Amino acid sequence: MRNPGRKLLLLGLGLMFAFPASAAAAVTGLPAISVTALPGGGEEYTLSIQILLAMTALTLLPAAMIMMTSFTRIIIVLAILRQALGTAQTPTNQILVGLALFLTLFVMMPVFDQINADALQPYMREEITVREALDRAATPLKKFMLAQTREKDLNLFLDLAGADAAGNYQDAPFRVAVPAFVTSELKTAFQIGFLLFIPFLIIDLVVASVLMSMGMMMLSPMIISLPFKLMLFVLVDGWALTISTLAASFYTT
């Protein structure tokens, strides 16, 4: 009786040598990269390359979400508000990020709707190329960013980049609009956070003064002032005021 293990070994070796040849014959009609010249002078890539570029762009989505939307201002203000209340990790980071994310979607929805109508849907119907879709998507996003950007910050990055908007800031390049927008958002977020911090700071000062006058040096003022700050924040409906003020602070025109 012949050894069955030897037969299995020979069969495996045969399949191993036959598979590369059959696989190569199967993919000879599918080029890895194919560039087609367009009548207007542009270039169009194959669908496989487009999918690869789209998957690569997904890795940059968190950075784009933070740097090119209202997320930066909202999350900074919420973090400063939590610090002013003195509630340590309440609300938690996950709650603050989730609230900032959904509030960002609410504020940016007109911009996203325009991007969907002008860029995404025509591209899905294969009416425009990828480059045209990206250009159309960048237009409303840059318009939103420039509406929130201070002229001082925009002029700063225009000078650093050696670019000239020729009096029309809408013509500023995208590489200038993004850092100028982020700088303005940081400044605006700190200004709003400063205004939120003042009433809670006054409560801390009053409580600390009362404790010192009573000789209670060993008792932390934060423990006594925390219930008063929470009561004040709840009585004035602080969360609704903060969220409505943040949403109204963005210029969409």
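This passage describes the overall build of a predicted model and then its helix packing, salt bridges and nonpolar surface.

The chain contains 10 helices and 2 strands, and along the sequence these elements follow the pattern α-β-β-α-α-α-α-α-α-α-α-α. Of its 253 residues, 29% count as buried. Among contacts with a separation of 6 or more, 64% are made by residues that stand 24 or more positions apart. The chain exposes about 16,600 Å², and 71% of this area is supplied by carbon and sulfur atoms.

Two helix pairs illustrate how the elements pack. In the first pair, helix H4, which covers residues 71–85, meets helix H5, which covers residues 93–124; their axes come within 9 Å and cross at roughly 145°, and the crossing is right-handed. On the side of H4 the contact is made by Phe 71, Ile 74, Ile 75, Leu 78, Ala 79 and Arg 82, while the residues contributed by H5 include Asn 93, Leu 96, Val 97, Leu 103 and Thr 104. Thr 104 also appears among the neighbours of Ser 70, a residue placed in the loop between helix H3 (61–67) and H4. With a relative accessible area of 0%, Ser 70 is buried, and, when residues up to four places away in sequence are not counted, Ser 70 touches Thr 104, Val 107, Met 108, Phe 144, Glu 185 and Phe 250.

In the second pair, helix H7 (residues 151–161) packs against H8 at an angle of about 145°, with the two axes 8 Å apart, and this crossing is also described as right-handed. The contact involves Asp 153, Leu 154, Phe 157, Leu 158 and Ala 161 of H7, together with residues of H8 that include Arg 175, Val 176, Pro 179, Thr 183 and Lys 187.

The structure holds 4 salt bridges. One of them joins the side chains of Glu 185 and Arg 73, with a nitrogen-to-oxygen distance of 2.5 Å. Because Glu 185 belongs to helix H8 and Arg 73 to helix H4, this pair ties together parts that are 112 residues apart in sequence. Glu 185 counts as buried because its relative accessibility is 0%, which lies under the 20% cut-off for that class, and Arg 73, at 2%, counts as buried as well.

A salt bridge is also formed by Asp 153 and Lys 187, whose side chains meet at 3.6 Å, N to O. Since Asp 153 lies in helix H7 and Lys 187 in helix H8, the pair ties together parts that are 34 residues apart in sequence. The two partners belong to separate accessibility classes: Asp 153 is buried at 4% relative accessibility, whereas Lys 187 is partly exposed at 30%. In a further salt bridge, the side chains of Glu 127 and Arg 125 meet at 2.9 Å, N to O, and here Glu 127 is exposed, with a relative accessible area of 51%.

On the outside of the model, a nonpolar surface patch of about 930 Å² is made by Phe 194, Leu 195, Ile 198, Ile 202, Val 206, Val 210, Met 214, Met 216, Leu 219 and Ile 223. The largest share of this patch, 6 residues, comes from helix H8, which spans residues 174–213. Val 210, one of the patch residues, is located in helix H8 and is partly exposed, with a relative accessible area of 40%.

Methods
Residues numbered from 1 in each chain as written. Predicted model: local features only at pLDDT ≥ 70, side-chain atom pairs only at ≥ 80, totals over all residues. Heavy atoms only, no water. Patch = residues over 30% accessible without salt bridge, like charges linked within 9 Å, V, L, I, M, F, W, Y side chains within 5 Å. Areas by Shrake-Rupley, 256 points an atom, 1.4 Å probe, with all protein chains shown as cover. Helix = DSSP H or I, 4+ residues; strand = E, 2+ residues; numbered from the N terminus. Buried < 20%, exposed > 50% of the residue type's maximum accessible area, 1.4 Å probe, protein only. Axes fitted to C-alpha atoms, helices over the stretch in contact; angles between N-to-C directions. Left-handed = near helix turned anticlockwise from the far one by under 90°. Contact = heavy atoms within 4.5 Å.
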